[in-house]
Amino acid sequence: MRARLLARPEALADYEIVEMLLFLGIARRDTKPQAKALINRFGSLAGALQAPPADLLDSSLPQAVADAFALVCEAAGHMAKARPRDRPRLGDWAALEEYLDPRARAWQPPSLAVLLLDSRNQLLAEHAWPPDLHWPEVQRDLLREALTRHAGALVMVRSGGAAAPVLREEDRARHEALKRAAGTLSILVHDWLVLGAGDWISLRQAGGRA
Amino acid sequence: MQEVAVPERFEQPAEQPRRSFYAGPQAPAATGFSEAPLRGLGALLPVEPAASSSPSFEPAEGRLLARLLCTVLPSDGRREALTALRRFGSLAGVLAAPEAELRTLPGFGTHSVAAVKLVHEAALRLARATLAETPVLDSRERLYAYLSAVLAHERIEQFRILFLDEAGMLRADEVQGVGTVNHTPVYPREVVRRALELGASAVVLVHNHPSGDPTPSRDDLDMTASVQEAARALSIIVRDHVIVGAGRWVSLADAGLM
C-alpha cells in the first residue's frame, strides 16, 4: 500500500488513508477493520479526521492516533495559506550581479554551474560540476536537469579559483554547442559568465551572440 | 493554452559598464555555494535558491513537521524538519515536494517520505471535503484557500475542473490535463463528456500559472470560450475560470472576460 501511496495517492480509498494514519499511532498490524469502523462511525474521512479526541479515545484508540488526525487538520490549515516561495528574478545583469556577488567575493573551488530559470527568469535551481569534466556529458546532464525542472532559460557561470576571469576559447565553443542543443529544447541560453578575483566577464557583453 | 509564448528575453541595457563586485584581497570565507560539495556526474547536489529574506516558515510549521517525522524516525525529528523546511520554504512546500527531492534530504528514507505524502493526501481530501460543504462559488476566500492548497506548489501548468451539481455544490474535482511549462492541452469535448458522466450541471475551470502571475493569456480566453461553446450544446454552464498564481488569483467571470 505504501508503494501505491507514493505512486498514485489519489487512487487510495478513504479507508486506506485512515489505515495508514493509524499506522502512525499504533504499532503495525492490520488496522483495516478499525479504519473501516472509524469511517462508518464518523461518516467519512473528513468526519474521522475532525472527530473530537475524546470520541476517538472512546473507540479504544491511543492518543497517538488522535494526535495524527489533529496533525492532518493542522497541515490542511497551513496548506490553505500556501504561497510559493519568492524566487530571485535574474532577467537582467543587475539582478545576476547581486545574486552572484557573494560567490565572487569569497574564494571557492573552481566550478561550472548552471542557473535554471523559468519562463519569467525566476531562478528554479542551480547545479554545479567540477569544471574539467568532459563537456558533452556535462551538457547532457545539464539539459536533463533543465527539462526535469521545467526551465525555459539558463545562465552558465564558471567561477572559483584565485585568478582574474578570462574568457577562453573553450567557453565560447561550449556556449555555442549549448545554445544549439538547448535551442532544440526551447530553452534559451541567456549568457555565459566567468567569475574570479572579485570580477566577472559576460560572454554576451564581450561580443558573443545571445 | 499558453502562459507566455516564449521565455522572457534577457534585458540588455544599451550601455552596461562592467563593475567589479569587490576590490580587495579575497577572504577565504565560506559562502552558501562553496558549501555545496562538488561531486562527479550523477551525484549532483542541487541547490535550492536561498531565500533573500529570512525563512518564510513559522515555528508552528517546524513543530508540526517534527511531530510527524518523530513518529517514523528514532530522533525527535527537529533537525530533519528544519532541513526540509529550509529546502522547500514552508510546510506546504515540503508536503507537496516530489518524492525524489525529499529523498535527497537527511532522514528522508521511505518511511519519512511516505509519512509526508500520506499527510499531504489526507489534508487535501480534508480540504476538498470542507469545500464541498457549501456551494463552491459562495465564498471566494474558501475557494481560493482550497485552490492554494492544491496548486500553490505545482511547478508545471495543471488544468483542473470543479464539477458542480444544480445547487452549486462540489461533486468532483479532477485534473483534466497537465502540460509543459507553458502549454497545457485542453479538450472541450472531454470536459463536457466527464461532466455528463458525473451528472454535473455546471463546471468551474481552474488552472495555475507556475510563474506566479495569474494574468490570463489570449489562449486562456480562447480556450474558455471553446469549452463554454461545447458545454452549451449540452446545457452545461461554465460558471467561471479561475487562474491561480502566487498568492493572487484571477476570476475570468469577475473580470468580465467570459
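I take two strands as paired if DSSP finds at least two bridges between them. The model I am reading is predicted.

**Entry: the hairpin in chain A**

I looked up strand β4 (residues 188–196) of chain A and found that it pairs with β5(A) in the antiparallel sense, over 4 bridges. The hairpin of β4(A) and β5(A) has 2 residues between the strands, and A:Ala197 there takes a positive phi near 50°. I then checked which residue of β5(A) is the bridge partner of A:Gly196, and noted A:Asp199.

Next I asked whether the faces of strand β5 (residues 199–202) of chain A are covered or not. Both are covered: A:Asp199 and A:Ile201 are buried on one side, and A:Trp200 and A:Ser202 are buried on the other. In a regular strand the side chains alternate between the two faces of the sheet.

**Entry: chain B overall**

I counted 8 helices and 5 strands in chain B. Along the sequence the pattern reads α-α-α-α-α-α-β-β-α-β-α-β-β. Of the 258 residues in chain B, 49% are buried. Among contacts in chain B with a separation of 6 or more, 61% are between residues 24 or more positions apart. I noted about 12,000 Å² of exposed area for chain B, with carbon and sulfur atoms supplying 52% of it.

**Entry: the sheet in chain B**

I traced an open sheet of 5 strands with mixed pairing, in the order β2-β1-β3-β4-β5 (chain B). At its edges stand β2 and β5 (249–251) of chain B; each has a single partner strand, so one side of each is left without a neighbour in the sheet. From one strand to the next the twist averages 20°.

I looked at one pairing within the sheet. β3(B) and strand β4 (residues 237–244) of chain B run parallel and are joined by 7 bridges. Opposite B:Asn208 I found B:Val244 in β4(B).

**Entry: helices against the sheet**

I followed helix α6 (residues 140–151) of chain B, which lies across β1, β2, β3, β4 and β5 of chain B and runs at about 55° to β4(B).

In helix α7 (residues 188–198) of chain B, I found B:Val191, B:Val192, B:Ala195 and B:Leu198 buried. These residues lie on the same side of α7(B), because they cover an arc of only 130° around the axis. An α-helix has 3.6 residues a turn, so residues three or four places apart point the same way. What covers the buried residues of α7(B)? The cover includes β1 (158–164), β2 (170–178), β3 (202–208) and α8 (218–232) of chain B. After α7(B) comes B:Gly199, with a positive phi near 70°.

Definitions and conventions:
Residues are numbered from 1 along each chain as its sequence is written. Chains are lettered from A and ligands numbered from 1 in the order in which they are written. This is a predicted model: local features need pLDDT of at least 70, side-chain atom pairs count only at pLDDT 80 or more; totals for chains, interfaces and linings use all residues. Side-chain values use heavy atoms; hydrogens and water are left out. Buried means under 20% relative accessible area, exposed over 50%, partly exposed in between (1.4 Å probe, protein chains only). Contact means heavy atoms within 4.5 Å. Accessible areas come from the Shrake-Rupley method with a 1.4 Å probe; for residues, only the protein chains shown count as cover. The arc is that of the directions from the helix axis to the C-beta atoms. Axes are lines fitted to C-alpha atoms, for helices over the stretch in contact, and angles run from 0 to 180 degrees between N-to-C directions.
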